[in-house]
Amino acid sequence: MPEKSVPYRRKITGAGSSLAERVLELLASGQATTRTELAGLLGAAPSTISLTVGQLMDHGLVAERGTRSSNGGRPRKVLCLGSNEGIAVAAELGGRHAHVGVVHPGGGLTDVSTVPFETADGPEAALPPLAETLEGLAERHGRDLLRGVGLSLPGPVDLASGVVTLPSRMPGWNRFPVRSWLEDRFGVPAAIENDANCMALGEHTVQPAERRQSIMVKMGSAIGAGVIADGRLYRGGTGSAGEITHVRVEAAHDAPCSCGNTGCLETVASGAALVRILRGRGLDVASTEDVVRLALDADPEATRAVRQAGRYLGQVLSANVNFFNPDAVYLGGILSTLEPFVAAVRSQLYEGCHPLVTEHLVIERVSLGADAGLAGAGQFALQRALAHALHAVTGNRL
């Protein structure tokens, strides 16, 4: 009996593998849906994109779903992930609560809720109840559809080893293997990332494609920033890009910081700093939420302190904006809900930056609001799942 013929599959190797990974990332996030859009965003020749897409289709990682009309040309074929039904479950961790939800390919977000989560209890005690909640979300959509798990963490993350490193507000979490714990529990790829980076990616996926460079600033109990460079998250040499919270500012004098240094921006502009400052002025505040409540009630002391904190942040941020020249600055976190804070940051940027830098600069609140970090964590999880799938057909290291 003659042997059954096996369809020939083009291999994805070397530099082509990196391009394939970028194609999968853009399709997963919904930033691109056609070969033309992929070529424009990746700066690659249409023939190169067509070849890469063809290879991915051969391996079942990409599929064509219908067509879309174009201006003055033939209808363009719409691309999607080969397994477009998959989902990721994600959580953004806070001090006392976790924001959880389901993230779909293309950037959709459903089943969002907030659940109790005690970060101070340590990972061994805090993670199992959270995992049960995420498992419940996965079961609701069909456990077989789960492709990845994403976690947004309020501390520095070592991406290579999947651990939190030297977190200032997460007792017991230092060097705990969070990513491997999640992968053992769920049996699918897991992604963990710093909260500001998650917000940066989540917001980037819903912004206009021409905004390729941006800075996301998360302003809560602490201050963090995530940087998008040429359409991708920029982590820096050791994954610490965006650590503006520990830039020294003159107004902080020798105030001790959680990093062990003195005079950091965090000591005068963060939510934790505002709590300390307002307590010193005799106000009854115990949390950043209390500060926000007072400012929204137009309390003069709270409003004055919030406005000054915004100025300090704007001073540090203006140096980064001058250097990086981004298309946009996005402001997120609970303090971004306060107009006096946002206005002070915006004013300082216009005052401290060169006119050419601010001529077309977009300065606005994050459009996804409190869901930006959650969306980003889920996108990181889907990207890691796709990287695993790509590895399975190429043999290249992840």
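**Entry 1: the sheet around strand 10**

I began with the sheet whose strand order is 12-11-10-13-14 in this predicted model. I noted it as an open sheet of 5 strands with mixed pairing. Which strands stand at the edges? I found strand 12 (232–234) and strand 14 (362–365) there, each with a single partner strand, so one side of each is left without a neighbour in the sheet. Direction ignored, I get a turn of 25° on average between neighbouring strands.

Next I looked up how strand 10 (residues 214–219) meets strand 13 (residues 328–332): they pair in the parallel sense, over 5 bridges. For a handhold in the viewer, I picked lysine 218, whose bridge partner in strand 13 is glycine 332.

I then turned to the helix on this sheet. Helix 6 lies across strand 10, strand 11 (223–229), strand 12 and strand 13. I wrote down an angle of about 45° between helix 6 and strand 11.

**Entry 2: the sheet around strand 6**

I moved on to another open sheet, with 5 strands in the order 5-4-3-6-9 and mixed pairing. Its edge strands are strand 5 (109–116) and strand 9 (190–194), and each pairs on one side only. The twist I have for this sheet averages 15° from one strand to the next.

How many bridges join strand 6 to strand 9? I count 5, with strand 6 (residues 146–153) and strand 9 pairing in the parallel sense. My example here is glycine 150, which has alanine 191 of strand 9 as its bridge partner.

Two helices went into my notes for this sheet. Helix 5 (residues 178–186) lies across strand 6 and strand 9, and runs at about 150° to strand 9. Helix 6 (residues 195–204) packs on the sheet too, where it touches strand 3 (87–93), strand 6 and strand 9. Its direction makes about 105° with that of strand 9. I was pleased to meet helix 6 again, having already seen it lie across strand 10 and strand 11, among others.

**Entry 3: aromatic rings**

I searched for aromatic pairs and found 1 in the structure. Phenylalanine 117 and tryptophan 173 form it, at 6.3 Å centre to centre. With 50° between the planes, I logged the pair as tilted.

Which parts does this pair tie together? Phenylalanine 117 lies in the loop between strand 5 and helix 4 (123–141), and tryptophan 173 in the loop between strand 8 (163–164) and helix 5, so the pair links parts 56 residues apart in sequence.

**Entry 4: enclosed space**

My last search was for cavities of 30 Å³ or more, and the structure holds 1. I have about 40 Å³ of space for the largest cavity. Val157, Leu159, Glu193, Asn194, Asn197, Arg235 and Gly239 line it. I sorted the lining residues into 2 nonpolar, 3 polar and 2 charged.

Key. Residues numbered from 1 in each chain as written. Predicted model: local features only at pLDDT ≥ 70, side-chain atom pairs only at ≥ 80, totals over all residues. Heavy atoms only, no water. 1 Å grid on protein atoms, 1.4 Å probe; cavity = no way out; pocket = protein on both sides within 12 Å on 5 of 7 lines; lining within 4 Å. Points joined across faces, edges and corners; volume = space filled by probe spheres on them. Nonpolar A, V, L, I, M, F, W, Y, C, P; charged D, E, K, R; others polar. Pairing = 2+ DSSP bridges. Helix = DSSP H or I, 4+ residues; strand = E, 2+ residues; numbered from the N terminus. Axes fitted to C-alpha atoms, helices over the stretch in contact; angles between N-to-C directions. Contact = heavy atoms within 4.5 Å. Phe/Tyr/Trp six-rings, centres within 6.5 Å; stacked < 30°, edge-to-face > 60°.
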